[in-house]
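Student: I've got the sequence and the coordinates open side by side. Can we go through the structure together, one question at a time?

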Amino acid sequence: MRDPYSIIRKVRLTEKATLLSERYNKYTLEVAPDANKIEIKNAVEKIFGKKVLRVNTQNHFGKRRRTRTVQYGKTSDWKKAIVTLKSGDKIEVV
């Protein structure tokens with residue numbers, strides 16, 4: 001089994017993620033790109049000690065960015081997981 005801290009990278013704090021957490025008890029996390037839903041669920045339950053009901057994932061592909069010259073670069077790819085917790089459970093994010 002993989003280390004839970006290598007699966008969950010950080011909690012995404014945006015306006016949309018804040019609304020999801022307040023209204024629907026859903027939390028947005030940035031996770032490892034090769035992690036699956038079962039690994040994400042087990043990692044959240046182990047790190048935060050909360051019961052997970054559902055995990056939805058999205059892959060975000062990096063965009064091409066141009067520097068001052070004609071050279072192109074690329075932003076990194078990342079994976080987002082939206083985790084639904086049991087009613088009454090909350091994750092304290094600081």
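Student: Let's start with N25: does that residue count as buried or exposed?
Tutor: Keep in mind that we're looking at a predicted model. N25 sits in the loop between helix 2 (15–24) and strand 2. The cut-off for buried is under 20% relative accessible area. N25 comes in at 11% relative accessibility, so the label is buried.

Student: What is the phi of N25, just after helix 2?
Tutor: Most residues other than glycine have a negative phi. N25 isn't glycine, yet its phi is positive. Just after helix 2, the value is about 60°.

Student: Which residues of helix 2 are buried, and which element do they pack against?
Tutor: The buried ones are A17, L20 and S21. Looking down the axis of helix 2, they fall within an arc of 95°, so they line one face. On the other side, E15, K16, E22 and R23 are exposed. The buried residues of helix 2 pack against strand 2.

Student: Moving on to helix 3, how far apart are its end C-alpha atoms?
Tutor: Helix 3 covers residues 37–48, which makes 12 residues. At 1.5 Å a residue the helix should span 16 Å, and the model agrees, because the end C-alpha atoms are separated by 16 Å.

Student: Within what arc do the buried residues of helix 3 fall?
Tutor: The residues in question are I40, A43 and V44. They line one face of helix 3, because seen down the axis they fall within an arc of 100°.

Student: And which exposed residues are on the face of helix 3 turned away from that buried side?
Tutor: The buried residues of helix 3 pack against helix 1 (4–7), strand 1 (8–11), strand 2 (26–31), strand 3 (52–60) and strand 6 (78–85). The face turned away from the buried side carries two exposed residues, I38 and K46.

Student: Which residue caps the N-terminal end of helix 3?
Tutor: Look for a side-chain oxygen by the backbone nitrogen of I38. The two atoms lie 3.3 Å apart, and the oxygen belongs to N36.

Student: What about the other end: what phi does G49 take, just after helix 3?
Tutor: The general preference for negative phi concerns residues other than glycine. G49 is a glycine with a positive phi, and the value is about 70°.

Student: Now strand 6. What is the relative accessible area of V83?
Tutor: V83 lies in strand 6. Leaving out neighbours within four places in sequence, V83 is in contact with N25, K26, Y27, L29, I40, V44, V52 and R54. Two of these, I40 and V44, are among the buried residues of helix 3. V83 counts as buried, with a relative accessible area of 1%.

Student: How far is the C-alpha atom of V83 from that of V55?
Tutor: Along the chain, V83 and V55 are 28 residues apart. In space, their C-alpha atoms are separated by 4.7 Å.

Student: And T84: what is its relative accessibility?
Tutor: T84 is found in strand 6. Setting aside neighbours within four places in sequence, its contacts are Y24, N25, K26, K51, V52, L53 and R54. T84 counts as buried, because its relative accessibility is 12%.

Student: Which backbone nitrogen does the side chain of D77 reach?
Tutor: D77 lies in the loop between strand 5 (72–74) and strand 6, and counts as partly exposed at 39% relative accessibility. Not counting residues up to four places away in sequence, D77 touches H60, F61 and G62. Its side chain also makes a polar contact with the side chain of K74, at 2.9 Å. The backbone nitrogen that the D77 side chain reaches, at 2.5 Å, is that of G62.

Student: Rings next: which residues lie over the faces of W78 and Y72?
Tutor: There are zero aromatic pairs in the structure, but a charge can still sit over a ring. Over W78, the partner is 4.3 Å from the ring centre, and that is R12. Over Y72, the distance to the ring centre is 3.9 Å, and the residue is R64.

Student: Last one: what pattern does the chain follow along the sequence?
Tutor: The chain has three helices and six strands. Of its 94 residues, 31% count as buried. Read along the sequence, the pattern is α-β-α-β-α-β-β-β-β.

Key: Residues are numbered from 1 along each chain as its sequence is written. This is a predicted model: local features need pLDDT of at least 70, side-chain atom pairs count only at pLDDT 80 or more; totals for chains, interfaces and linings use all residues. Side-chain values use heavy atoms; hydrogens and water are left out. Rings of Phe, Tyr and Trp (its six-membered ring) pair if their centres lie within 6.5 Å; planes under 30 degrees apart count as stacked, over 60 as edge-to-face and the rest as tilted. A charge sits over a ring if NZ of Lys or CZ of Arg is within 6 Å of the ring centre and within 35 degrees of the ring normal. Helices (H or I, at least four residues) and strands (E, at least two) are DSSP runs, numbered from the N terminus. The expected span of a helix is 1.5 Å times one less than its number of residues. Buried means under 20% relative accessible area, exposed over 50%, partly exposed in between (1.4 Å probe, protein chains only). The arc is that of the directions from the helix axis to the C-beta atoms. Contact means heavy atoms within 4.5 Å. A polar contact is a pair of N or O atoms within 3.5 Å; within protein, one must be able to donate a hydrogen and the other to accept it, and residues adjacent in sequence count only if both atoms are side-chain atoms.
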